[in-house]
Amino acid sequence: MINLKNDRFLRALFKQPVDVTPVWMMRQAGRYLPEYRASRTNAGDFMSLCMNPEFACEVTMQPLDRYPQLDAAILFSDILTIPDAMGQGLYFETGEGPRFKKVISTIADIEALPIPDPHKDLGYVMSAVSTICRELNGRVPLIGFSGSPWTLATYMVEGSSSKDFRKTKAMLYDNPQAMHLLLDKLAQSVTSYLNGQIIAGVHAVQIFDTWGGNLSAAAYQEFSLAYMRNIISGLVREHEGRKVPVIMFTKGSLWLEGIANAGADALGLDWTYDLGEARRRVGSQVALQGNMDPSVLYAKPEAIRSEVGRILASYGKGSGHVFNLGHGITPEVNPEHAGAFLRAVHELSAQYHE
Ligand code: CP3
């Protein structure tokens with residue numbers, strides 16, 4: 001096992017003292033970087049980047065090489081690798097987001113779905129993890145990830161991105177048994193997929209519950225949170241003598257106490273939450289990650305710096321905060337602005353730590 005040279009990110013997740021607040025950005029390897037666009041052209045398309053471990057490693061490293069402030073790397077892949085491995089045929093239309101050749105609509109479709117074997121059906125992801133770990137050589141921790149069952153189900157049933165989740169919600173209310181069967185299969189798939197990533201070397205895992213906040217409180221408990229609790233209880237939490245923290249990213253859900261009770265070490269929050277208030281509500285149970293509005297990066301560096309200062313002050317003194325954006329960085333952001341953001345986090349946060 002390689003010792004980490006920078007473990008600030010893991011220390012903050014376990015609320016151990018840090019010198020400055022650690023920072024990384026969701027979608028830090030992405031289209032806002034010209035070097036990423038060049039790699040994508042070389043690979044042919046986005047899925048070829050994901051499926052070739054050498055390319056996945058190359059683009060994972062790009063933001064780290066550009067920004068020495070980054071305190072974590074995130075595996076370059078996508079949450080939709082699981083439905084693809086279940087046989088749905090994932091592809092991306094340029095500028096239009098994800099699409100599936102086969103859409104799930106009946107209970108028979110769901111019954112026919114296999115539970116992917118991470119080493120056989122998603123072996124390219126496991127190889128990407130080991131290739132990236134070798135290349136990182138302990139520079140910073142590597143984050144693995146998966147979608148939550150509910151978030152994955154929305155893409156599998158809609159067949160693409162959606163604003164209102166019309167088909168998925170109709171299935172939930174018309175045929176809750178079918179929805180539960182789908183979510184149960186996804187929870188099993190996510191558990192073994194994340195455990196595969198942990199064994200292959202990731203230091204932490206994040207579950208993206210991007211669309212859970214779109215459910216009613218009752219449906220959220222039954223169709224999203226319950227399955228994430230199952231997953232978390234089935235994860236390998238210690239590997240090769242180190243603890244593996246779990247981060248749950250939520251967007252727009254009002255049920256912070258319920259999420260904090262699901263067994264994760266940290267909650268990732270979008271920008272609509274007041275971080276200080278979230279800390280008062282659940283900060284004794286979990287660390288917090290977030291939560292600057294990614295659109296702040298369209299503003300000038302001085303405005304970015306003052307927003308970083310406001311968020312740091314809102315969290316206040318002490319460990320337990322990983323700075324991040326409240327959602328992924330967008331393709332239109334100027335890479336210089338991302339650099340100004342990362343520098344501001346380290347510079348302005350020292351005063352909040354002993
Ligand atoms: O740098 C990182 O954060 C790691 C890589 C990563 C990607 N997707 C790469 C990607 C991660 C963690 C994801 C997660 C993901 N993927 C989520 C959950 C987080 C969120 O954003 O809500 C979701 C819902 C997806 C599904 C997905 N993948 C969509 C809806 C899209 C199209 C929209 C878009 O941003 O283009 C993707 C494509 C995708 N995933 C890209 C990247 C870099 C852009 C593809 C390209 O290069 O053309």
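**Close-up views of the pocket, the ligand and the cavity**

**View 1. The largest pocket has a volume of about 1400 Å³ in this predicted model.** Its lining comprises 42 residues, and those that lie nearest the centre of the largest pocket are R27, R31, F46, D78 and F92. Sorted by class, the lining of the largest pocket consists of 21 nonpolar, 14 polar and 7 charged residues. At least two residues of this lining are supplied by each of helix 2, helix 3 (46-51), strand 2 (90-93), strand 3 and helix 8 (149-158), and the largest share, 3 residues, belongs to strand 2.

**View 2. The ligand sits in the largest pocket.** Two elements, helix 2 (34-43) and strand 3 (97-100), give two or more residues to the shell around the ligand. In total, 24 residues surround the ligand, and the closest of them are R27, R31, Y36, R40 and D78. The shell around the ligand is made up of 14 nonpolar, 6 polar and 4 charged residues. R27, R31 and D78 thus appear in two listings, being among the residues closest to the ligand and also among those nearest the centre of the largest pocket.

**View 3. Oxygen atoms of the ligand lie within reach of side-chain atoms of R40 and H327 and of the backbone of A29.** For R40, a polar side-chain atom is placed 2.4 Å from an oxygen atom of the ligand, and R40 is also listed among the residues closest to the ligand. For A29, the atom concerned is a backbone N or O, which lies 3.3 Å from a ligand oxygen atom. In H327, a polar side-chain atom is found 2.7 Å from an oxygen atom of the ligand. Of the 860 Å² of accessible area that the ligand has on its own, the protein covers 88%.

**View 4. A search of the whole structure finds 1 cavity of 30 Å³ or more.** The volume of this largest cavity is about 30 Å³. Its lining is formed by T21, L312, Y315, G316, G318, H321, S349, Y352 and H353. By class, the lining of the largest cavity contains 3 nonpolar and 6 polar residues, with no charged residues, whereas 7 charged residues are counted in the lining of the largest pocket.

Key. Residues numbered from 1 in each chain as written. Predicted model: local features only at pLDDT ≥ 70, side-chain atom pairs only at ≥ 80, totals over all residues. Heavy atoms only, no water. Near = heavy atom within 4 Å. Polar contact = N/O pair within 3.5 Å; in protein donor to acceptor, adjacent residues only side chain to side chain. Areas by Shrake-Rupley, 256 points an atom, 1.4 Å probe, with all protein chains shown as cover. 1 Å grid on protein atoms, 1.4 Å probe; cavity = no way out; pocket = protein on both sides within 12 Å on 5 of 7 lines; lining within 4 Å. Sits in = over half its atoms within 2 Å of the grid points. Helix = DSSP H or I, 4+ residues; strand = E, 2+ residues; numbered from the N terminus. Nonpolar A, V, L, I, M, F, W, Y, C, P; charged D, E, K, R; others polar. Points joined across faces, edges and corners; volume = space filled by probe spheres on them.
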